[in-house]
Amino acid sequence: MRSPACLRLGLAAALPLLLLLALRLPAPAVAGRPLVARDRKPAPSEAAATARWLAAQNTWGVLSTISSDLSGAPFGNVVSYSDGVPGESHGIPYFYLTTLDPTARDALEDERTSFTLSEFPLGTCGKVDPENPTCAKLTLTGKLKVVDHKSPEADLAKTALFSKHPEMEGWPKNHHFEIFKLEIENIFLIDWFGGPKPISPSQYLDYGRDQGSVMSL
């Protein structure tokens, strides 16, 4: 039987190894991908830039559909999305949805949809309330459509989604996830006092083609 002194020496020798193993253990997933903006927010005078910045920097928002389960009442659901691979934002939100969830079922019956983003999760609003006009918010309204899985767009969308949400690639195949996209028809942006900024879908989508990348992550 080992003496107490030997046991103490053994524990002392093993302590560095135990600490190393503890440091190598995976950290618990508490918040998913950090929503920290790495680029400066555009000025209030640059409405289209701000809208594209919000779409590029965020990775989730609230997708609202016409509920088929609630007799046509609006139904908002928190969903992950991507509008392009990091550094190559395109402005069009893509989603990975299953009809086991009501949002996809609703869209297949009525495509009318709105998608809302807030600057607040990015941590750039300071101490103001999320409803304060200086804390930007964006609502894209249009039609939520399934992307043809055999199209080049589907490959682009899948790469965009999986690059920002790697977990998606391992989601159950028997849940029959499909790629959806929002075809934007109307844009509502508030990023300062004075009411919503007028932005057309073409102004929103065309922004950044000849500029530097304020949308990059």
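Thr-159 is a partly exposed residue, with a relative accessible area of 46% in this predicted model. The residue belongs to helix H4, and its position shows how the chain comes back on itself. Thr-159 and Val-85 stand 74 residues apart in sequence, yet their C-alpha atoms are 6.9 Å apart in space. Since partly exposed covers values from 20% to 50%, the 46% of Thr-159 places this residue in that class.

Helix H4 itself is a good place to continue. With 13 residues at 1.5 Å a residue, H4 should span 18 Å, and the 19 Å between its end C-alpha atoms agrees with that expectation. Part of this helix is hidden from the outside: Ala-154, Ala-157, Ala-160, Leu-161, Phe-162 and Lys-164 are its buried residues. The cover over these buried residues includes helix H2 (47-57), strand E3 (94-97) and E6. The list of buried residues in H4 thus includes a lysine, Lys-164, alongside alanines, a leucine and a phenylalanine.

Helix H4 also contributes to a pocket, the second largest, whose volume is about 180 Å³. Helix H4 (152-164) and strand E6 (178-190) are the elements that each give two or more residues to its lining. The largest share, three residues, comes from H4. The residues that line this pocket are Tyr-96, Val-147, His-149, Ala-154, Asp-155, Lys-158, Phe-177, Glu-178 and Ile-179. Sorted by class, this lining holds five nonpolar residues, one polar residue and three charged ones. Ala-154 appears here as a lining residue and is also among the buried residues of H4.

Just before strand E6 comes a residue with a noteworthy backbone angle. His-176 sits in the loop between H4 and E6, and its phi is near 55 degrees, a positive value in a residue other than glycine. Most residues other than glycine have a negative phi. The side of His-176 that meets the surroundings is described by a relative accessibility of 58%, so this residue counts as exposed. Ser-71 gives a second example, again with a positive phi near 55 degrees in a residue other than glycine. Ser-71 is located in the loop between E1 and E2 and, at 76% relative accessibility, counts as exposed.

Strand E6 brings its own connections. Asn-186 lies in this strand and is partly exposed, with a relative accessible area of 43%. Leaving aside residues up to four places away in sequence, Asn-186 touches Thr-139, Leu-140, Thr-141 and Pro-201. One of these partners, Thr-139, is 47 residues from Asn-186 in sequence, while the two C-alpha atoms are 8.3 Å apart in space.

Charged side chains add further links, with a count of eight salt bridges. One of them joins Arg-105 to Asp-69, with the closest N and O atoms 3.0 Å apart. This pair ties together distant parts of the chain, 36 residues apart: Arg-105 is in helix H3 (residues 102-109), and Asp-69 is in the loop between strand E1 (60-66) and strand E2 (74-80). Arg-105 counts as partly exposed, at 29% relative accessibility. The loop that holds Asp-69 is also where Ser-71 is found.

Another salt bridge connects Lys-145 with Glu-111, again with the closest N and O atoms 3.0 Å apart. Here too the pair links distant parts of the chain, since Lys-145 is in strand E5 (residues 137-146) and Glu-111 is in the loop between H3 and strand E4 (112-118), 34 residues apart. Lys-145 is partly exposed, with a relative accessible area of 24%, and Glu-111 is likewise partly exposed, with 29%. A further bridge is formed by the side chains of Arg-112 and Asp-110, at 2.7 Å from N to O.

Turning to the protein as a whole, its secondary structure comes to five helices and six strands. From the N terminus on, these elements run in the order α-α-β-β-β-α-β-β-α-β-α. The protein has 217 residues, and 38% of them count as buried. Among contacts between residues at least 6 apart in sequence, 69% join residues at least 24 apart. The pairing of Asn-186 with Thr-139, 47 residues apart in sequence and in contact, is one example of such a link.

Note on methods:
Residues are numbered from 1 along each chain as its sequence is written. This is a predicted model: local features need pLDDT of at least 70, side-chain atom pairs count only at pLDDT 80 or more; totals for chains, interfaces and linings use all residues. Side-chain values use heavy atoms; hydrogens and water are left out. On a 1 Å grid over the protein atoms alone, a cavity is a set of points where a 1.4 Å probe fits but cannot get out, and a pocket is an open set with protein on both sides within 12 Å along at least five of seven lines; lining residues have an atom within 4 Å of a point. Grid points are joined across faces, edges and corners, and a volume is the space filled by probe spheres set on the points. Helices (H or I, at least four residues) and strands (E, at least two) are DSSP runs, numbered from the N terminus. Ala, Val, Leu, Ile, Met, Phe, Trp, Tyr, Cys and Pro count as nonpolar, Asp, Glu, Lys and Arg as charged, and the others, Gly among them, as polar. A salt bridge is a side-chain nitrogen of Lys or Arg within 4 Å of a carboxyl oxygen of Asp or Glu. Buried means under 20% relative accessible area, exposed over 50%, partly exposed in between (1.4 Å probe, protein chains only). The expected span of a helix is 1.5 Å times one less than its number of residues. Contact means heavy atoms within 4.5 Å.
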